[in-house]
Amino acid sequence: MTENDATGTAATVKKFRRRRGPFRLLFLHGREGNPHGTKATWLREWFQATIPALDTSSIEAARSDALGALGEAERGFDVLVGSSFGGALAMDLVAGGHWDGPVVLLAPAVRLVPDIQFEPAGPCVVVQGRNDAEVKCEQVMDRFTGEGSE
């Protein structure tokens, strides 16, 4: 769709269309998170969110929990969201061919998955704070752009 902006210049605008039925997401929490934490509670209130309790002792242990949640979903999910450790786990699921849809990574703990080939088939958004004490912005920037900030 083409519309004119305030200056009269033609701009292409994508209009958000509400999906029929609830928006379904799988949320993978971090090491300090859980299915009853702040992010999980908010996501459950606003979306049809599935939030498995992850064994965060290792990516391998958590992968089993996440694959169980993916397998139990009757209608699947619209998006995969991972926070910190859960972001690294989401990257692992994509790299392993277990997920090919949209991914949102919230301060992904990239140091936990240094050797995987993360090439998402669908859209991917990375959200990272500059002053995060646990997940360093430089590590995330370097992983996704090759340009760590100094």
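## Confidence, cores and a surface patch

In this predicted model, residues 1-5 have a pLDDT that stays under 50, and the model gives this stretch 13 contacts beyond four places in sequence. Residues 9-18 likewise have a pLDDT below 50, with 13 contacts in the model beyond near neighbours in sequence. For the chain, the mean pLDDT is 84, and 82% of the residues reach 70 or more.

The largest nonpolar core has 27 residues, and those with the most contacts inside it are Leu-26, Leu-28, Leu-80, Leu-89, Leu-93 and Trp-99. The elements that contribute two or more residues to this core are listed below.

| Element | Residues |
|---|---|
| Strand 3 | 24-28 |
| Helix 2 | 59-72 |
| Helix 3 | 85-95 |
| Strand 6 | 103-106 |

Helix 3 supplies the largest share of the core, namely seven residues. Leaving aside residues up to four places away in sequence, Leu-89 touches Leu-28, Leu-54, Ile-59, Ala-62, Arg-63 and Ala-66. Another core, of eight residues, lies apart from the largest one, and its members include Leu-43, Ala-49, Val-79 and Val-81.

At the surface, Phe-23, Trp-42, Trp-46 and Phe-47 make a nonpolar patch of about 440 Å². One of these residues, Trp-46, belongs to helix 1, which covers residues 38-46. Trp-46 counts as exposed because its relative accessible area is 58%, where the cut-off for exposed is over 50%.

Methods:
Residues numbered from 1 in each chain as written. Predicted model: local features only at pLDDT ≥ 70, side-chain atom pairs only at ≥ 80, totals over all residues. Heavy atoms only, no water. pLDDT = per-residue confidence, 0-100. Contact = heavy atoms within 4.5 Å. Patch = residues over 30% accessible without salt bridge, like charges linked within 9 Å, V, L, I, M, F, W, Y side chains within 5 Å. Areas by Shrake-Rupley, 256 points an atom, 1.4 Å probe, with all protein chains shown as cover. Salt bridge = Lys/Arg side-chain N within 4 Å of Asp/Glu carboxyl O. Helix = DSSP H or I, 4+ residues; strand = E, 2+ residues; numbered from the N terminus. Buried < 20%, exposed > 50% of the residue type's maximum accessible area, 1.4 Å probe, protein only. Core = buried A, V, L, I, M, F, W, Y, C linked by side-chain atoms within 4.5 Å.
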